[in-house]
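Biologist: I'd like to go through this one slowly, asking how we get from a value to a word. Shall we put it on the screen?

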Amino acid sequence: MSKTALITGATSGFGAATARRFASAGWKVIVTGRRAERLQPLVDEFGSGTVHAAVFDIRDSAAMQAALAALPAGFRDIDLLVNNAGLAQGTAAAQHASLDDWRTMIDTNITALVTLTHALLPKLIERRGAIINISSTAAIYPYPGGNAYGGTKAFVSQFSLGLRSDLHGTGVTAIEPGMAETEFTLVRTHGNQAASDQLYKGADPMTAADIAEQIFWVATLPPHLNINRLELMPVSQSFAGFQVARQA
């Protein structure tokens with residue numbers, strides 16, 4: 001019997017690659033996102049019996065609930081929630097950052113994630129399912145300009161551990177990727193393609209497919225195993241030194 005995964009933020013990057021990985025392995029997949037034109041190719045590729053597109057803004061809780069209520073019969077028994085939808089906005093130091101950017105990150109990376117998780121917990125517990133939350137190495141390692149983004153991802157990692165403590169028999173994992181080349185930096189810089197190209201140039205970063213493979217591995221381990229957290233980086237990325245503020 002095939003299992004069903006719900007993957008948020010499947011219009012690009014990790015989400016789209018993860019949807020393809022699970023659908024190609026015979027899972028039924030619910031993909032969510034704001035852009036119907038980005039989700040429809042997944043339906044076309046695998047068929048409406050395998051992929052169902054639920055189009056809504058993850059920050060709109062009423063639209064989220066309506067989409068869940070409207071799931072076709074064959075997609076209602078959800079075995080895996082992949083909380084992938086998230087973003088970074090802005091690279092400025094905290095004192096110069098946009099409060100609107102901060103609020104967008106909090107609403108997307110935290111509020112929307114906990115709202116959807118809360119809605120699906122009864123079904124996931126009933127089916128002894130699993131939750132995989134996409135966090136970031138920014139949850140662990142701060143850097144200049146990371147401020148609110150790192151804070152939201154620290155929440156995701158800690159929330160995952162809290163869920164793990166509460167949900168006996170339901171697997172919960174936080175995946176914490178480092179540098180991966182997707183639309184992430186393009187979104188963060190509000191469309192600056194040159195900045196995105198410069199960041200990844202010569203770095204041999206991870207790809208969306210790399211992360212999708214790790215998500216699939218975690219989800220298909222023997223059911224008595226749980227990966228609490230999985231941190232990964234490209235070989236080219238490691239740790240920076242401490243900063244020192246010096247008096248003139």
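Modeller: Let's sort the amino acids before anything else: Ala, Val, Leu, Ile, Met, Phe, Trp, Tyr, Cys and Pro count as nonpolar, Asp, Glu, Lys and Arg as charged, and the others, Gly among them, as polar. And keep in mind that this is a predicted model.

Biologist: Fine. By class, what makes up the lining of the second largest pocket?

Modeller: That lining has 13 nonpolar, eight polar and five charged residues. There are 26 lining residues, and Arg128, Gly129, Ala130, Ala219 and Pro223 lie nearest the pocket's centre. You can try the sorting on these: Arg128 goes to the charged class, Gly129 to the polar one, and Ala130, Ala219 and Pro223 to the nonpolar one, because that is where Arg, Gly, Ala and Pro are placed.

Biologist: How much space lies in that second largest pocket, and which elements each supply at least two residues of its lining?

Modeller: About 520 Å³. The elements are β5, β6 (171-177) and α8 (208-219).

Biologist: Arg128 came up there. Why does Arg128 count as exposed?

Modeller: Its relative accessibility is 63%. Exposed means over 50%, so Arg128 gets the word. You'll find Arg128 in the loop between α4 and β5 (130-134). Its phi is near 50 degrees, a positive value, though the residue is not a glycine.

Biologist: Which other residue has a positive phi although it is not a glycine?

Modeller: His190, at about 60 degrees. It sits in the loop between α6 (184-188) and α7. With a relative accessible area of 52%, His190 is over the 50% cut-off, and therefore exposed.

Biologist: And after α7, what is the sign of phi in Gly202?

Modeller: Positive again, near 70 degrees, but here the residue is a glycine. At the other end, where helix α7 (residues 193-200) starts, a side-chain oxygen of Asn192 comes within 3.2 Å of the backbone nitrogen of Ala194.

Biologist: What makes that pair of Asn192 and Ala194 a polar contact?

Modeller: A polar contact needs an N or O pair within 3.5 Å, one able to donate a hydrogen and the other to accept it. The oxygen and nitrogen here are within 3.2 Å, so the distance part is met.

Biologist: Now the strands. How do you know that β1 and β2 pair?

Modeller: At least two bridges are needed, and strand β1 (residues 4-7) and β2 have four, so they pair, in the parallel sense. In one of these bridges, Thr4 has Lys28 of β2 as its partner. From β1 the chain crosses through helix α1 (residues 13-24) to β2, in a right-handed β-α-β crossover.

Biologist: What makes a crossover right-handed?

Modeller: Point the strands away from you: if the path from the first strand over the helix to the second runs clockwise, the crossover is right-handed.

Biologist: Is strand β2 (residues 28-33) mostly covered or mostly open?

Modeller: Mostly covered, because five of its six residues are buried, each under 20% relative accessible area. β2 also pairs with strand β3 (residues 51-55), again parallel, over five bridges. There, Ile30 is opposite His52. The chain gets from β2 to β3 through helix α2 (residues 36-46), in a right-handed crossover.

Biologist: Back to β5. How many of its five residues are buried?

Modeller: Four, and that leaves β5 mostly covered. Strand β4 (residues 80-83) runs parallel to β5, with four bridges between them, and Leu80 faces Ala130. The β4 to β5 crossover goes through α4 and is right-handed. β5 is also joined to β6, in parallel, by five bridges. Together with helix α5 (residues 147-166), β5 and β6 form a right-handed β-α-β unit.

Biologist: Last one: why is a space called a cavity rather than a pocket?

Modeller: In a cavity a 1.4 Å probe fits but cannot get out, whereas a pocket is open, so the word depends on the way out. The largest cavity holds about 40 Å³. Helix α4 (residues 99-126) gives the largest share of its lining, four residues. Among the lining residues are Thr8, Ile58 and Asn83. By class, the lining has five nonpolar, three polar and no charged residues.

Note on methods. Residues numbered from 1 in each chain as written. Predicted model: local features only at pLDDT ≥ 70, side-chain atom pairs only at ≥ 80, totals over all residues. Heavy atoms only, no water. 1 Å grid on protein atoms, 1.4 Å probe; cavity = no way out; pocket = protein on both sides within 12 Å on 5 of 7 lines; lining within 4 Å. Points joined across faces, edges and corners; volume = space filled by probe spheres on them. Buried < 20%, exposed > 50% of the residue type's maximum accessible area, 1.4 Å probe, protein only.
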